[in-house]
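Visitor: I should like a close look at a single part of this protein, namely its nonpolar interior. Please describe that part and place it within the whole.

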Amino acid sequence: MVFRKPPDGGWGWVIVVVSFFTQFLCYGSPLAVGVLYLEWLDAFGEGKGKTAWVGSLANGIGLLASPVCSVCVSSFGARPVAIFSGFMVAGGLMMSSFAPNIYFLYVSYGIVVGLGCGLLYTATVTITCQYFDKHRGLALGLISTGSSVGLFIYAALQRELIELYGLDGCLLIVGALSLNILACGSLMRPLESSSSPPPEKMFVDKVPDQYFVYHEKEKTVEENISILEKGYIDEKCVNNGPDCKQDSILNKNALSSINVNEKDTYKKKVVEQTNFCKQLAKRKWQLYLTYWKETMVLFKNKVFSALFVAILLFDIGGFPPSLLMEDVARSANISEDDYYMPLISIIGIMTTVGKLILGILADFKWVNTLYLYVTTLLMTGVALFAIPFAKSYLTLAMLSGILGFLTGNWSIFPYVTTKTVGIEKLTHAYGILMFFAGLGNSLGPPIVGWFYDWTQEYDTAFYFSGFCVLLGGFLLLLAALPCWNACTNQSSKLPPNTYSYKVASNA
């Protein structure tokens, strides 16, 4: 498919608006799942670790399945994928209202809604990149705030809906709101060139003649003629007796010669097909080997290896507060009358502020984005260590705001990755890092919940979370200080890539 030059405006701004609302509608409930988490604890009576799997799956499955999401968008286009994913998100939320147990929620809310969100994120990012070139950073920054605004609004909205209509009614209404994704998806008009050649002609021109094994129409006609001739000869022999023997022998000789020629042709074409399949398999195997060689070269970079450990530990320790902070407040016996705003809403709005401010700081030439990222990790670890000492709404709200702001470091993570491995290896490296970020998102809340189930208090859990984030930050700092220039200037010539990897980042 041939695309026109990105217009950097026009209908592209419509794409930005609908992509913003798409992320707002799809990520609002999964990111604000902490409100639902309390209700599921009371409704099903399961342990905190087991119940936390629902929210962690919903937020991590999109990253884990990001290669599949990219293939779907590349194969079918952003608009069909967005519309289909809208049905997935809305259907998963509505199905969750009828959940008889926590295991049903693993599928309906965790997998179905999570996968739908991953597909929608990839679709919105892809269509936005197609429409923008010069202002691509601004456009991507605007649509990425949709998820944070959704977290801010949905936290209060879901709490209000639960009070008015109960948990089941809340999920039904939120699922109905998600159907607006269909309208947003229908406006994602693909940017295609009107002068592109017809698909059939392109396909025929690209396929070599030796790979056409059969000409079905001709073959079918010849077989039908042979059958008719044979039937005619048999009928003639029955009616005329011995007079047809000579003609029958001649015809059999002719048919046998035709059969021999057909068998030779068939064998020749089977050999050609076999050789083609062998060459195709060999080429695919070479591509896989090239991919793993490139991966091994990436891990020889000390800073990249430390960054891989840091992002995994950061998501294991830094993601649970957005899911469990409401339960932390309830465990501290904070009265609901003291609530001026849900803690998750504070995290959401401060994440938006953090993304914008940290993103602006990363554009200054005098700011080293790697050190800026390390600073956010270390500060996050300290804030997590402080949570067990917070016994009032005010202190928890302040810590929620700090953690939300620092979580905005996702906006500078692509800068850090680019500076570490170079622009030519960015997609490969970013795909690996995002996969393990999704793994951390999935494991973090259940681990914290299991700590609570074992100790019946959150103190040990958040000490563990803070230790994980601090460990990742210190490892990244140690890897960066002595050999930062050596690692960034280190260049290993790799064979040219034949794949184009597209990996969705975290919302």
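Guide: The account below begins with the whole model, turns to the core, and ends with the cysteines.

The model is predicted. Its secondary structure consists of 19 helices and 0 strands. Of the 507 residues in the protein, 46% are buried. The accessible surface amounts to about 25500 Å², and carbon and sulfur atoms account for 65% of that area. When contacts between residues at least 6 apart in sequence are considered, 85% of them join residues at least 24 apart.

Within this framework, the largest nonpolar core comprises 115 residues. Leu36, Tyr109, Tyr373, Tyr458 and Leu476 are the members with the most contacts inside that core. The element that gives the most to the core is helix H6, spanning residues 102–131, with 12 residues. Both domain 1 (1–194) and domain 2 (273–484) supply at least three residues each to this core.

Leu36 merits separate attention. Setting aside residues up to four places away in sequence, Leu36 touches Tyr109, another of the residues with the most contacts inside the core. The remaining partners of Leu36 are Ser29, Gln158, Ile162, Leu167, Cys170 and Leu171.

As for the cysteines, the whole structure contains 0 disulfides. Cys72 has the sulfur of Cys69 as its nearest cysteine sulfur, 6.6 Å away; because a disulfide requires the two sulfur atoms to lie within 2.5 Å, Cys72 is in no disulfide. With a relative accessible area of 23%, Cys72 is partly exposed, whereas Cys468, at 7% relative accessibility, counts as buried because that value is under 20%.

Notes
Residues numbered from 1 in each chain as written. Predicted model: local features only at pLDDT ≥ 70, side-chain atom pairs only at ≥ 80, totals over all residues. Heavy atoms only, no water. Buried < 20%, exposed > 50% of the residue type's maximum accessible area, 1.4 Å probe, protein only. Core = buried A, V, L, I, M, F, W, Y, C linked by side-chain atoms within 4.5 Å. Helix = DSSP H or I, 4+ residues; strand = E, 2+ residues; numbered from the N terminus. Domains from an automatic or database assignment. Contact = heavy atoms within 4.5 Å. Areas by Shrake-Rupley, 256 points an atom, 1.4 Å probe, with all protein chains shown as cover.
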